[in-house]
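Biologist: I am new to this one, so could you walk me through it? I will ask, and you can reason it out with me.

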Amino acid sequence: MTSNPNWGETTSGLEVAKVFADQVKGRNVLITGVSPDGVGSGTALAFASQNPSTLILASRTKSKMDQVVSEIHSHYPDVNVQIVLLDLASQSSIRKAASEVANLVSKLHLLINNAGVAPAVRKKTEEGIELQFGANHVGHFLLTKLLLPLLEAAASTEGNPKGSTRIVNLSSQAHWLSPFRFHDYNIENKEVPDEEKPAAPMPRVFAEVLDDGYMPTVAYAQSKTANVLFSVYLQKYLQGRGIEAFAVHPGGVTTNLGREQQDEYNQEILKTSNYWKNIDEGASATLVAALDPALNDADGVYLLDCQFAEAAPWATDPVAAEKLWRLSEDLIGDDFEID
């Protein structure tokens, strides 16, 4: 259970940060996927409000990060904000970014894997992996592996409470639409076993199969399932090292994530939530997952509206979590041994 059962979908990220100010002050925080008018921006502003030691923004476009830095400094001029260029669709970029982070800080207390993409047509990473899986999960998998020594250094510091060093992975309620497709992870509309098929009939526009076999919504959904499975495995094996991991659904947030989609698609998306949050409200669940001391020894992995919530059974299956871990190791060409 979280500290405040009254927090919910309208809770402000700034409010959560203020309540847990002691968990922010003097700590090093990294957030991926930060751009103006996105959840990452709201998250960055909330952390900045409580004087972290170093706030690192890692994203693909420098001009967008510069806008967020300017916004932060207009409110909190003394905060130490650093930017690192990071393209999660390029493993060479991820390795370079991780090296730059290690030059900025010797310890990392909070890693917020916030970035996400949702293209309407097939795109691939630099390594040839379907982009939504490749960037939303595999890119963060590699980044987390490379930054783990910094997280372990923070977790082992005297006076740092066990479980207060954390990894937060941004997922989505969309994970309920599809299990992970181990037999078709590049989304080529291959035949898959029943347990990997979409969970239920979907609106026509969500079930669309393009001429090349690509299913954009299914691709997004399986990447969000991967975010939860990643968190399940991390939590199981890192708790003993004093590190917690969580997956978060920020709720329906008014952002430009669906900017590549057709109007019909976006109209269907609007039906999925009765309340659309601003970016500050969208950041609140991430702040709870990152900061709430009641989660130092967690018995849950998925949060929605600032509280633990039920995730799809295929997203919390430990067997699937380990299978995805091994596949991810293959796709980065390296072991990530934490068990």
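Here are our questions and answers, starting with the whole chain and moving on to single residues.

Biologist: How many helices and strands does the chain have?
Modeller: Please keep in mind that this is a predicted model. Its elements are of both kinds, and the chain has nine helices and eight strands.

Biologist: Which radius of gyration does the chain have, and why does it agree with a compact globule?
Modeller: The chain has 339 residues, and for that number a compact globule would have a radius of gyration near 20 Å. The C-alpha atoms fill a box of roughly 55 × 40 × 40 Å along the principal axes. The chain agrees with the globule value because its own radius of gyration is 18 Å.

Biologist: What share of the residues counts as buried?
Modeller: To count as buried, a residue needs a relative accessible area under 20%. The chain still exposes about 13800 Å², with carbon and sulfur atoms supplying 48% of that area. Of the 339 residues, the buried share is 57%.

Biologist: Among contacts between residues at least 6 apart in sequence, what share joins residues at least 24 apart?
Modeller: Let us set aside the contacts between residues that are less than 6 apart in sequence. Of the contacts that remain, the share joining residues at least 24 apart is 77%.

Biologist: How far apart are the mean positions of the positive and negative charges?
Modeller: The chain has 27 positive and 43 negative charges. Taking the mean position of each set, the two points are apart by 3 Å.

Biologist: How many aromatic pairs are there, and is the pair of phenylalanine 141 and phenylalanine 230 stacked or tilted?
Modeller: Rings pair if their centres lie within 6.5 Å, and the count comes to 13 aromatic pairs. The centres of the phenylalanine 141 and phenylalanine 230 rings are 5.6 Å apart, with the planes at 50°. Stacked would need planes under 30 degrees apart and edge-to-face over 60, so this pair is tilted.

Biologist: Which helices does that pair of phenylalanine 141 and phenylalanine 230 tie together?
Modeller: Both phenylalanines of this pair are buried. The two parts that the pair ties together are 89 residues apart in sequence. Phenylalanine 141 lies in residues 131-155 and phenylalanine 230 in residues 216-238, so the helices are H5 and H6.

Biologist: And is the pair of tyrosine 233 and tryptophan 325 stacked or tilted?
Modeller: The ring centres of tyrosine 233 and tryptophan 325 are 4.2 Å apart. Their planes stand at 25°, so the pair is stacked.

Biologist: Where do tyrosine 233 and tryptophan 325 lie?
Modeller: Tyrosine 233 is buried at a relative accessible area of 3%, and tryptophan 325 is buried at 2%. This pair links distant parts of the chain, 92 residues apart. Tyrosine 233 lies in helix H6, and tryptophan 325 in helix H9.

Biologist: Which residues do ring pairs link into a cluster?
Modeller: We have already met Phe141, Phe230, Tyr233 and Trp325, which are among the members. With Tyr237 and Phe336 added, the cluster is Phe141, Phe230, Tyr233, Tyr237, Trp325 and Phe336.

Biologist: Is histidine 175 buried or exposed?
Modeller: Histidine 175 sits in the loop between strand E5 and helix H6. Leaving aside neighbours within four places in sequence, its contacts include Lys224, Tyr302 and Trp314. Its relative accessible area is 0%, so histidine 175 is buried.

Biologist: Is histidine 73 buried or partly exposed?
Modeller: Histidine 73 is found in helix H3, and beyond four places in sequence it touches Val79 and Val81. Its relative accessible area is 31%. Buried would need a value under 20% and exposed one over 50%, so histidine 73 is partly exposed.

Biologist: Which phi does cysteine 306 have?
Modeller: Cysteine 306 lies in the loop between E7 and E8, and at 0% relative accessibility it is buried. Aspartate 305 is found in this loop too, with a positive phi of about 50° although it is not a glycine. Cysteine 306 is not a glycine either, and its phi is positive, at about 70°.

Biologist: Which residues does alanine 320 contact, leaving aside neighbours within four places in sequence?
Modeller: Alanine 320 lies in helix H9 and counts as buried at 12% relative accessibility. With those neighbours left aside, its contacts are Phe182, Leu229 and Trp314.

Notes. Residues are numbered from 1 along each chain as its sequence is written. This is a predicted model: local features need pLDDT of at least 70, side-chain atom pairs count only at pLDDT 80 or more; totals for chains, interfaces and linings use all residues. Side-chain values use heavy atoms; hydrogens and water are left out. Helices (H or I, at least four residues) and strands (E, at least two) are DSSP runs, numbered from the N terminus. The radius of gyration is taken over C-alpha atoms; the globule rule is 2.2 Å times the number of residues to the power 0.38. Buried means under 20% relative accessible area, exposed over 50%, partly exposed in between (1.4 Å probe, protein chains only). Contact means heavy atoms within 4.5 Å. Accessible areas come from the Shrake-Rupley method with a 1.4 Å probe; for residues, only the protein chains shown count as cover. Lys and Arg count as positive and Asp and Glu as negative; His and the chain ends are not counted. The place of a charge is taken as NZ of Lys, CZ of Arg, CG of Asp or CD of Glu. Rings of Phe, Tyr and Trp (its six-membered ring) pair if their centres lie within 6.5 Å; planes under 30 degrees apart count as stacked, over 60 as edge-to-face and the rest as tilted.
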